[in-house]
Amino acid sequence: MPPLDLHVAVFGASGAGKTVLLAAFYRAQTQPSFQQEYAYKIQAVNKAQGNRLLGRFYRLEEGTFPDGSTRFDEIEFDFFPRDLPEPAVRIHWYDYPGRWWEEEPVDADEREAMREGLLRLGMSQVGILLADGAKYRSEGTGYMRWLFEHFADECDRLRRTSAAAGEEVSFPREWILALSKADLFPPEYSARDFEREVCRDADDQLAKLCAVLRAEHAFGHRFMLLSSVAAPPDAQVDPKTSLGVRTLAPAVLVSTVEGAVREAQASRKEKSAKETFFQGLRDLMQFVDSVDDFLPKRYQIVSKILRFVSIKDFASTRVDRLKRMREDAIRRGDTFKAVLTGMVAALRDDEGLRAYHQNQ
Ligand SMILES: Nc1nc2c(ncn2[C@@H]2O[C@H](COP(=O)(O)OP(=O)(O)OP(=O)(O)O)[C@@H](O)[C@H]2O)c(=O)[nH]1
Ligand SMILES: [Mg+2]
């Protein structure tokens, strides 16, 4: 069976940390110690791209950060269960110059690359809005309000200019708000603290952004802390210390399933307003064979996911039990179940609990 395709779009201004995150994401999940602990591993579909990412990481180890990005790149990663030959999940990731959100293109070629690139981002299942941790640290609430307003304006502008050109732009339905450079915050600072601050201080701006993205139910509920490396001011970079880069793929996977549940609930007229996510998921499981008929195309991977992971695993299964199920799946050669239960477990370990928080 071909792997499940997940498209992830990171939205972040120039310098927010997109390119370093990509290198750290790859490096962390190719480490033998990662495989040992999580029982899955990542491989770049294109080996040359994988080497480029590693090269970037090795330069980070020597204290050199990458230059600002100058073009649009698509990188695909396969997730394999330990000891099994087939990948279960393929993540498509995009890297591009963040100044596309801030400046006019330099020439007609760049205008075209930018138009195509931003449309591709919009087609993704999950969007990650990357708030620059260094700016938040120094500017506080004002930065977060600015970020939401600026991003809402840019999305609005993109929608209008595309419409004028006869194209309809879409935006991801599911969102994660992530704070980059979390190493600049105290060690006890968690995604839950970040969520509190955002909802307390920038709720009006958040509401406006939700309206522009037409994602009232899917934006502003998932929060992450990310640190690709530890780079304290006036001290040496420590590329071996990261936070949340190993939580990212599991968070994207679970967000995708949640998105499908929401779509399914919305398409059923008789659903009660108070129906919870898990009731929705349970319902979806009952007619999993017909799910593909009514879910939009980009959610059609969900019926496959639901065949392999039970609702209990998403809800409350303890980490030790998930790990036992994962090992059992590896022994049986069950590729999907091995990777999916491994990912759900990763959201519940200590790093996952600090780096990821969902408030509703
Ligand atoms: N403290 C800390 N600094 C970081 C981290 N990641 C990136 N930085 C800093 O942020 C700068 C920008 O990171 P990039 O990944 O190049 O930013 P980008 O979003 O790709 O920027 P563009 O390519 O211009 O869009 C780096 O040169 C580092 O100085 C991190 O995890 N922690
Ligand atoms: Mg970059």
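## Two aspartates with positive phi

Let's start in a loop: aspartate 83 is exposed, with 12 other C-beta atoms within 10 Å. A residue counts as exposed if it has 12 or fewer such neighbours, so aspartate 83 falls in that class. Its place is the loop between β3 (73–81) and β4 (89–95). The backbone is worth a look here too, since phi of aspartate 83 is near 70°, a positive value in a residue other than glycine. Please keep in mind that this is a predicted model.

Aspartate 234 also has a positive phi, about 65°, although it is not a glycine. You will find aspartate 234 in the loop between β7 (222–225) and α9 (248–267). With 4 C-beta neighbours inside 10 Å, aspartate 234 counts as exposed.

## The chain as a whole

Stepping back, the protein chain contains 16 helices and eight strands. Of its 360 residues, 46% are buried. Among contacts with a separation of 6 or more, 76% are between residues 24 or more positions apart.

## Around ligand 1

Ligand 1 is surrounded by 21 residues. The closest are Thr19, Phe65, Gly68, Ser69 and Gly98. Sorted by class, this shell holds eight nonpolar, 10 polar and three charged residues.

## Helices α6 and α8

Now to a pair of helices you can trace in the structure. The axes of α6 (residues 141–164) and α8 (residues 203–213) come within 9 Å and cross at roughly 20°. Angles under 35 degrees count as roughly parallel, and α6 and α8 are therefore roughly parallel to each other. The crossing of α6 past α8 is left-handed.

On the α6 side, the contact is made by Arg145, Phe148, Glu149, Phe151, Ala152, Cys155 and Asp156. From α8 come Gln205, Leu206, Lys208, Leu209, Val212 and Leu213. By class, this contact has eight nonpolar, one polar and four charged residues.

## Helices α14 and α15

Further along the chain, the axes of α14 (residues 319–332) and α15 (residues 335–348) come within 8 Å, crossing at roughly 160°. That makes α14 roughly antiparallel to α15, because angles over 145 degrees are classed that way. Here again, α14 passes α15 in a left-handed crossing.

In this contact, Val319, Leu322, Lys323, Met325, Arg326, Ala329 and Ile330 of α14 meet Lys337, Ala338, Thr341, Gly342, Val344, Ala345 and Arg348 of α15. These residues divide into eight nonpolar, two polar and four charged.

Methods. Residues are numbered from 1 along each chain as its sequence is written. Chains are lettered from A and ligands numbered from 1 in the order in which they are written. This is a predicted model: local features need pLDDT of at least 70, side-chain atom pairs count only at pLDDT 80 or more; totals for chains, interfaces and linings use all residues. Axes are lines fitted to C-alpha atoms, for helices over the stretch in contact, and angles run from 0 to 180 degrees between N-to-C directions. Helices (H or I, at least four residues) and strands (E, at least two) are DSSP runs, numbered from the N terminus. Angles under 35 degrees count as roughly parallel, over 145 as roughly antiparallel, 65 to 115 as roughly perpendicular and the rest as oblique. A crossing is left-handed if the near helix is turned anticlockwise from the far one by less than a right angle, and right-handed if clockwise. Two residues are in contact if their C-beta atoms, placed from the backbone, lie within 7 Å. Ala, Val, Leu, Ile, Met, Phe, Trp, Tyr, Cys and Pro count as nonpolar, Asp, Glu, Lys and Arg as charged, and the others, Gly among them, as polar. A residue is near a molecule or strand if its C-beta atom, placed from the backbone, lies within 6 Å of it. A residue is buried if 20 or more other C-beta atoms lie within 10 Å of its own, exposed if 12 or fewer, and partly exposed in between; C-beta atoms are placed from the backbone.
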